[in-house]
Amino acid sequence: INAEYMGEPNALQTVYEAMGWAVRPKGLDDPLLILRISKLFNNPNKMWKEIMQKGSQNVHIICEDECVKLLTNILRLNARFARSLGHRYISQLNVIQNDMIQLYHTYSAVMKQAYSSQSLPTYIVRMRFAKREILRVFKEFVMRTENPKYVLDELLNPLFEMVLEDYLQSPENIRDYTALALVIVVSKSVGPNLAHKLSDVVRTMILPTYAMICSNLASYPNHRIYLYMLMQNIVKYNFQDIWTLVKSNGLLYEMIVWGMKSNEIQVNKVALETLIWLWESVSLLKESISFYQTYYLKTLNELLSIIFGGLHSANLDTMASFLAALRNTVLGCREGFLLVPDQLVSSSNLGPLQSYLRQYMKCYPNLSEPQIENYITQILSQRDPSESLKPVLKEIIAVNSCSVQSNDVIVEITIEEYKEEQKNRKKCIPGLTRVKSEDLLDMFQNISIRDEDEI
């Protein structure tokens with residue numbers, strides 16, 4: 001493939017991805033594969049090495065507009081090729097890996113120095129694209145590698161050294177969501193072995209991103225969904241370490257609940273799935289009673305407000321599963337778990353829960369007494385799986401669709417007024433009040449993470 005075709009990057013990227021599938025061996029590794037990859041990348045690698053050698057002598061060269069564009073196109077070829085070739089891309093990765101890391105640091109330093117909150121110069125935007133493609137090359141490889149041990153032994157430390165501190169120190173406008181995506185795929189690949197790096201991930205990525213989305217509810221949609229996908233992986237693969245945080249102050253739990261209240265469907269779904277996983281994991285612990293005692297009614301109230309608000313009907317399956325998990329917590333009759341403060345120790349939680357649901361539903365005048373009793377019976381029926389709760393929730397939303405609640409006062413409205421109310425509610429993202437990032441960072445300084453050998 002001749003160098004002049006670099007002028008048509010989109011077509012060339014498609015060709016390279018197709019070639020990845022073409023040279024991908026079936027069954028045992030093809031002994032000629034490395035040679036084929038080397039021939040395929042002969043011209044791109046020559047251009048890459050030439051630019052990097054000049055850049056080692058004069059850093060301004062690799063910051064020139066044309067060089068940044070050319071390097072970005074070469075990186076995109078590598079990302080597309082890694083996507084189709086998988087772990088066998090490793091031979092080409094070894095050729096450019098160190099250069100990519102060095103280039104990432106160089107562009108980061110230039111971007112931070114030239115950053116302006118008003119607008120980003122064109123060359124800064126181009127460098128941002130180049131950094132994003134570096135992240136994508138690693139992300140595509142890690143996603144498709146068949147050797148998680150290689151990721152843990154060879155890539156985890158250099159990648160986190162490249163990404164974490166840079167993400168923390170970068171201004172909000174130039175923090176790339178692809179960095180979050182890369183950490184997500186790495187965390188999924190290494191699983192529990194991320195424990196020794198977890199405190200760094202929380203300090204440099206989770207807390208700054210959470211502060212971003214709390215302070216600016218309209219921007220950063222990709223950061224929001226990737227943040228909650230990262231939190232989901234951490235809860236799933238590193239629950240014992242995160243449980244320390246939940247026991248100490250519950251900030252992580254509040255962050256997940258914040259996501260459950262988001263009006264973005266994908267964020268809402270991921271947060272709900274994370275909560276389901278969290279509650280199932282907590283149920284296996286001896287310390288679960290204190291957690292239930294603190295968060296059960298708060299969580300149930302938040303979930304019911306979302307269901308009765310009717311803003312997340314697309315995720316009724318997930319909401320039904322979470323409601324079933326909360327129901328099963330009570331019906332499990334854990335010893336020592338008291339739903340209300342004045343409850344007798346030996347009494348069941350079923351009666352107080354029925355009373356709570358009854359009082360909650362009575363706030364909505366469109367629900368009649370027989371309907372309320374029928375809904376409570378169906379919700380609390382342990383014989384019904386979570387799937388059977390979905391029709392009940394759909395019926396509740398349909399019956400309740402023409403009443404709104406404001407400051408504990410029920411107001412009957414017309415359908416047109418209801419639609420206008422829903423439209424206005426969707427313009428905002430419900431959640432926690434603004435959180436200062438420095439307060440969050442102070443809180444995490446004393447968190448101890450277990451050594452890797454203990455996982």
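Three helices, α6, α7 and α8, each supply at least two residues of the lining of the largest cavity. The one that gives the most to that lining is α7, with four residues. This is a predicted model, so please keep that in mind for everything that follows. The volume of the largest cavity comes to about 90 Å³. Its lining has 13 residues, and those closest to the centre are Tyr104, Lys131, Asp166, Ile174 and Asp176. In total the count is three cavities of 30 Å³ or more. On how such spaces are found: a probe the size of a water molecule, rolled over the atoms, shows where empty space is left.

Now the chain as a whole. It has 455 residues, and 49% of them are buried. There are 21 helices and two strands. Take the contacts between residues at least 6 apart in sequence: 75% of those join residues at least 24 apart.

Back to α8, one of the helices that line the cavity. How far apart are the end C-alpha atoms of α8, and does that distance agree or disagree with the expected span? The helix runs over residues 148–169, which is 22 residues, and at 1.5 Å a residue α8 should span 32 Å. The end C-alpha atoms are 29 Å apart, which agrees. There is a kink in α8 all the same, of about 55 degrees, and it lies at leucine 155, shortly before proline 158.

Many side chains of α8 are worth finding on the screen. The buried residues of this helix are Tyr150, Val151, Leu152, Leu155, Leu156, Leu159, Phe160, Met162, Val163, Leu164, Asp166 and Tyr167. Leucine 155, where the kink lies, is on that buried list. So is Asp166, which is also among the residues closest to the centre of the largest cavity. For reading such a list, remember that an α-helix has 3.6 residues a turn, so residues three or four places apart point the same way. What do the buried residues of α8 pack against? They pack against five helices: α6 (90–114), α7 (122–144), α9 (177–190), α10 (198–215) and α11 (221–237).

Next, one residue from α9. Alanine 181 sits in that helix and is buried, at a relative accessible area of 8%. Leaving out residues up to four places away in sequence, alanine 181 touches Lys139 and Tyr226. Lysine 139 is 42 residues away along the chain, yet the two C-alpha atoms are separated by 7.4 Å.

Between α10 and α11 there is a loop, and tyrosine 220 lies in it. The backbone there has a positive phi of about 60 degrees, although tyrosine 220 is not a glycine. Is tyrosine 220 buried or exposed? With a relative accessible area of 13%, tyrosine 220 counts as buried, because the cut-off is under 20%.

Two more pairs, from earlier in the chain. Alanine 82 belongs to helix α5, residues 65–85, and is buried, with a relative accessibility of 0%. Its C-alpha is 8.6 Å from that of phenylalanine 138, and the two are 56 residues apart in sequence. Setting aside neighbours within four places, the contacts of alanine 82 are Tyr89, Glu140, Phe141 and Arg144.

The other pair starts in helix α1, residues 9–23, which holds valine 15. Valine 15 is partly exposed, at 38% relative accessibility. Between valine 15 and phenylalanine 81 there are 9.0 Å in space, C-alpha to C-alpha, for a separation of 66 residues in sequence.

Last, the cysteines. How many disulfides are there? The count comes to zero. Cysteine 63 is in no disulfide, and the nearest cysteine sulfur, on cysteine 67, is 9.2 Å away. The sulfur atoms would have to be within 2.5 Å to count as a disulfide, so this pair does not qualify. Cysteine 63 is buried, with a relative accessible area of 16%. Cysteine 214 is buried as well, at 6% relative accessibility.

Key. Residues are numbered from 1 along each chain as its sequence is written. This is a predicted model: local features need pLDDT of at least 70, side-chain atom pairs count only at pLDDT 80 or more; totals for chains, interfaces and linings use all residues. Side-chain values use heavy atoms; hydrogens and water are left out. The expected span of a helix is 1.5 Å times one less than its number of residues. The bend at a residue is the angle between axes fitted to the seven residues ending there and the seven starting there. Buried means under 20% relative accessible area, exposed over 50%, partly exposed in between (1.4 Å probe, protein chains only). Contact means heavy atoms within 4.5 Å. On a 1 Å grid over the protein atoms alone, a cavity is a set of points where a 1.4 Å probe fits but cannot get out, and a pocket is an open set with protein on both sides within 12 Å along at least five of seven lines; lining residues have an atom within 4 Å of a point. Grid points are joined across faces, edges and corners, and a volume is the space filled by probe spheres set on the points.
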